[in-house]
Amino acid sequence: MGLPALEFSDCCLDSPHFRETLKSHEAELDKTNKFIKELIKDGKSLISALKNLSSAKRKFADSLNEFKFQCIGDAETDDEMCIARSLQEFATVLRNLEDERSRMIENASDVLITPLEKFRKEQIGAAREAKKKYDKETEKYCSILEKHLNLSSKKKESQLQEADSQVDLVRQHFYEVSLEYVFKVQEVQERKMFEFVEPILAFLQGLFTFYHHGYELAKDFGDFKTQLTISIQNTRNRFEGTRSEVESLMKKMKENPLEHKTISPYTMEGYLYVQEKRHFGTSWVKHYCTYQRDSKQITMVPFDQKSGGKGGEDESITLKSCTRRKTDSIEKRFCFDVEAVDRPGVITMQALSEEDRRLWMEAMDGREPVYNSNKDSQNEGTAQLDSIGFSIIRKCIHAVETRGINEQGLYRIVGVNSRVQKLLSVLMDPKAASEIETDICAEWEIKTVTSALKTYLRMLPGPLMMYQFQRSFIKAAKLENQETRVSEIHSLVHRLPEKNRQMLQLLMNHLANVANNHKQNLMTVANLGVVFGPTLLRPQEETVAAIMDIKFQNIVIEILIENHEKIFNTVPDVPLTHAQLHLSRKKSSDSKPPSCSERPLTLFHALPSTEKQEQRNSIINSSLESVSSSANSILNSSSSLQPNMNSSDPNLDVVKPTRPNSLTPFRKAKALYACKAEHDSELSFTAGTIFDNVHPSQEPGWLEGTLNGKTGLIPENYVEFL
């Protein structure tokens, strides 16, 4: 496992977990700094000491071999793995050269020592300065906050308001310094992947020039050197894209941090001061508290950022009631009382502000009013995968392939935004769509056409490869075996809706044609992956961790381009009877993939089972008929995904779980497989379970039934009607 990603949203929360994560990044930077200093020292020794050349080279090689890269994220790309093992490759080369001593190394200082020293001083040194500033602001903020919270509520209102304003300014400054420090740490961690290894590669190249007897070794090293150079360049390119994305996210967090908070498993969490009675009186101890409304569990962790550690043992209590503390009953401000089921007495807590107290009271169902702060941040685009959409993409592709397939920087160079929007408005106008000629006229520049194509894909309500499959595609790209990657992506592509798959096929065929002309347009498969990865596989939630996965999005696109004929023109190698089907049940609260999302489509039996045909009702209300017909259309579309299910073996028949038609009343059904519910609206059951009152639900791919008096949802491909 690599280093965990530092989320900007955690800067505002400043939790103990965030501090521990930050410490691990700081330790890695210190480790890197020490290693670079040692590496520079060894390099100078190698240059100056010809008599001890052999021992110096071996020590240098040993240093390289011992150092291990720590990448951000839970997996590495092929390029990162290539870079990570490069130091071991360098060490092997140096050991082989030990018996082939030759001339003095020239210009080693310029190609090795200077760049490493520059990286250490400018990058790691800047990170250290940022840490000093961050520690100073932490001390200042915590001190002012404690002083502010100790103000008596009996002071004049004007004095209290002035004090509140001062604390808000200090808090905002501390938050900005925290964001900048996290950004710098993240930047240095990424930069070292290429600015650290590249000087060593240049140094080795210089050595080969002066070693006559090392010619054959240098020749053998050539393939890896080429691969490493490409990996470094690819990593650099991804870094540039990632850095701009992270910087953009940091700016959004600065402008409006509340709209970019990370989704927390807790109803409420943050710092509170808890009143504790001591022999000499009472004291207020700072705790990091979390609360879950479902279980009514409050967890209190004594923690002080200034000391950097816990001040005692964790404590968990079950909430009984929460009451706002009147101002005239206590000298402290922002206080409220909590009563616990499993602890006697009243616990008095102090929030950090009036707004903070209101949020805690709201979470604990206290007497404060409840405000609904949830916002729907999803903006649907105007573009659709309809006939007009396919027509627009085909026209853009035709214009590119007939007029600009050899233009350098194709799809990387963007057009003028006003021209792009004008072209899109013409192409998307339904009235003009039937009148416009088949070809986009030559007055539109190729960069305008390519930008219009990319913009239209970004305007779709969701990414072309769909939010619910985004994590699956990323997971497939992280697999170690290349054949397994291709096979898994092949299978995932065939789970996409028909229109999405057709559009993706149209686009990949075109990009393969563009890549075939890379000698002229300079757009290799890797470059096209960088351009189209974030567009076709954009994540639903914008976080630093999601930005770190952009490199794997690019790999998915590269695989699609390189294997487009196999992926789109053949069915997956694994039969769909053993494949897993994602049921897309969209809930009102979110648009994530549904639970029980991986289902077998059919079941093979030696003999087909007989089914009882029930009588149809003569009168069925229109709502049930509408829902059932909609469900049947979903079933028909899913069955169309199995083109090769007709077996030539007469002993094998395909038996599909039956479901009621639009006129079937409530019926009993039997479970073919076991299923564990992942949402409150679903039922858990084992194979053989009998359900009552089974009928179509309004959720596509799901039925509704009753089990032991409880009504809930059942995957329709999991049951057989009796």
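Two strands are taken to pair if DSSP finds at least two bridges between them, strands being DSSP runs of E with at least two residues and helices runs of H or I with at least four, both numbered from the N terminus. The model is predicted, so local features need pLDDT of at least 70 and side-chain atom pairs count only at pLDDT 80 or more, while totals for chains, interfaces and linings use all residues. Residues are numbered from 1 along each chain as its sequence is written, and side-chain values use heavy atoms, leaving out hydrogens and water.

In this framework, alanine 669 stands opposite phenylalanine 721 in β16. Strand β12 (residues 667-671) pairs with β16 in the antiparallel sense over three bridges. Both strands belong to an open, antiparallel sheet of five strands, ordered β15-β14-β13-β12-β16. Its edges are β15 (710-715) and β16 (719-721), each pairing on one side only.

The sheet also hosts a salt bridge (a side-chain nitrogen of Lys or Arg within 4 Å of a carboxyl oxygen of Asp or Glu). Here lysine 668 meets aspartate 692, with the closest N and O atoms 3.9 Å apart. This contact links strand β12 to strand β13 (residues 690-696), across 24 residues of the chain. Lysine 668 is partly exposed at 47% relative accessible area, and aspartate 692 is likewise partly exposed at 33% (buried is under 20%, exposed over 50%, partly exposed in between; 1.4 Å probe, protein chains only).

Helix α7 (residues 157-195) offers another case: arginine 191 and glutamate 187 lie four residues apart there and form a salt bridge at 3.3 Å. Arginine 191 is buried at 17%, as is glutamate 187 at 8%.
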